[in-house]
Amino acid sequence: MIQVSKLLPQGQGLAPVLLKRATTVELDWDVRQKSRFAATDSAGRELGIFLPRGTLVRGGDVLVAEDGSMVRVIAAPQPVLVITHCQHHGTPFDLTRAAYHLGNRHVPIELQPDHLKIEPDHVLADMLRAMHLIVTEQNLAFEPEGGAYAAGHGGGHSHGGHGHDHRHGHSHDHDHTHDHGHTHEHSHAAAPTTTPARGRTVSIPVVAQGHVHGHDCNHDH
């Protein structure tokens, strides 16, 4: 078994010719969210992957083996639910509402401009259809959004490190003494302070609005 302990997000820094020479390995999301697993690449080699804990492996990433060889990761197709808004009974904002409710349930979600993807769940599918959303079962690659503070990279793309240190030091020392033989007394009342209003918790109920997209919905989408 060949040990792999290094990952290059999206093959960053590699020449295209090197990427073409690399073997490939197809992995679904259940495997790619782990930092330690075994796999077999397209050349039939057994790989033992040992990455830093918390690392997420994305389609397009490149694994570097202990012998210097490289393996390009392909996100394997898997069963998913594709969620889109209904053009007849809803608006694109319905996807935002759906992402809100799914996020409250800690459901892994792949976010796209015109659709969402989640892993199959018939209870969630019924809830989404009650919100005027169209839910279809498909077999596609799944790249859910990663946490903002997750190790590795979270959204299928990589941003190089940027360090910004903005420090502005200003020292102003003004000492003015005036002695005119007379005294001026000034009394300034403190400006009244106001206590900022506290935010209120707002709940958004999931309520069907007269049309539910079930499996027998008979209009075109």
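## Two sheets, two cores

Visitor: Which residues lie on the two faces of β5, and are they buried or exposed?
Guide: This is a predicted model. In β5, V62 and V64 point to one side. L63 and A65 point to the other. Both faces are covered, so by the under-20% cut-off all four residues count as buried.

Visitor: Which strand pairs with β5 over four bridges?
Guide: The pairing is antiparallel and involves residues 62-65 of β5. One of its bridges links V64 of β5 to K6. The partner covers residues 2-8 and is strand β1.

Visitor: What is the bridge partner of V62 in β6?
Guide: β6 spans residues 70-75 and runs antiparallel to β5. Three bridges join these strands. In β6, V62 is matched with R72.

Visitor: Which residue in the hairpin of β5 and β6 takes a positive phi?
Guide: Four residues lie between the two strands. One of them has a phi near 90°, and that residue is G68.

Visitor: Which strands stand at the edges of the six-stranded sheet?
Guide: The sheet is open, with mixed pairing and the order β2-β6-β5-β1-β4-β3. From one strand to the next, the twist averages 35°. Residues 23-27 and 36-40 form the strands that pair on one side only: β2 and β3.

Visitor: What is the strand order in the four-stranded sheet?
Guide: This sheet is also described as open, and its pairing is antiparallel. β8 and β10 each have a single partner strand, so one side of each is left without a neighbour in the sheet. Read across, the order is β8-β9-β7-β10.

Visitor: How many bridges join β7 to β10?
Guide: The two strands run antiparallel. One pair among their bridges is V82 with T136 of β10. The count for β7 and β10 is eight.

Visitor: What angle does the direction of α4 make with that of β10?
Guide: α4 packs on the four-stranded sheet. The helix touches β7, β9 and β10. Its direction and that of β10 differ by about 140°.

Visitor: Which element gives the most residues to the largest nonpolar core?
Guide: The largest core has 16 residues. I83, L102, L116, I118, L128 and L133 have the most contacts inside it. β7, α3, β9, α4 and β10 each give two or more residues. With four residues, the top contributor is α4.

Visitor: How many residues are in the other core, the one with I2 and F37 among them?
Guide: This core lies apart from the largest one. I49 and A65 are also among its members. Its residue count is 15.

Visitor: Which residues does L102 touch beyond four places in sequence?
Guide: L102 is among the residues with the most contacts inside the largest core. Leaving out sequence neighbours up to four places away, its contacts are I83, V107, I109, L116, I118, L124, M127 and L128.

Visitor: Is E110 buried or exposed?
Guide: E110 is found in strand β8. Its side chain makes a polar contact with the side chain of Q112 at 2.9 Å. Its contacts beyond four places in sequence include H115, K117, F142 and E145. At 6% relative accessibility, under the 20% cut-off, E110 is buried.

Visitor: What is the phi of Q10?
Guide: Most residues other than glycine have a negative phi. Q10 lies in the loop between β1 and α1. Its relative accessible area is 32%, so Q10 counts as partly exposed. Although not a glycine, Q10 has a positive phi of about 55°.

Visitor: Where is H106, and what is its relative accessible area?
Guide: H106 is another residue other than glycine with a positive phi, near 55°. The loop between α3 and β8 holds H106. This residue is exposed, with a relative accessible area of 72%.

Visitor: What share of the 221 residues is buried?
Guide: The protein has four helices and 10 strands. It exposes about 15,200 Å², with 52% of that from carbon and sulfur atoms. Of the contacts with a separation of 6 or more, 69% join residues 24 or more positions apart. The buried share is 33%.

Notes
Residues are numbered from 1 along each chain as its sequence is written. This is a predicted model: local features need pLDDT of at least 70, side-chain atom pairs count only at pLDDT 80 or more; totals for chains, interfaces and linings use all residues. Side-chain values use heavy atoms; hydrogens and water are left out. Two strands pair if DSSP finds at least two bridges between them. Axes are lines fitted to C-alpha atoms, for helices over the stretch in contact, and angles run from 0 to 180 degrees between N-to-C directions. Buried means under 20% relative accessible area, exposed over 50%, partly exposed in between (1.4 Å probe, protein chains only). A polar contact is a pair of N or O atoms within 3.5 Å; within protein, one must be able to donate a hydrogen and the other to accept it, and residues adjacent in sequence count only if both atoms are side-chain atoms. Contact means heavy atoms within 4.5 Å. A nonpolar core is a set of buried Ala, Val, Leu, Ile, Met, Phe, Trp, Tyr and Cys residues joined through side-chain atoms within 4.5 Å. Accessible areas come from the Shrake-Rupley method with a 1.4 Å probe; for residues, only the protein chains shown count as cover.
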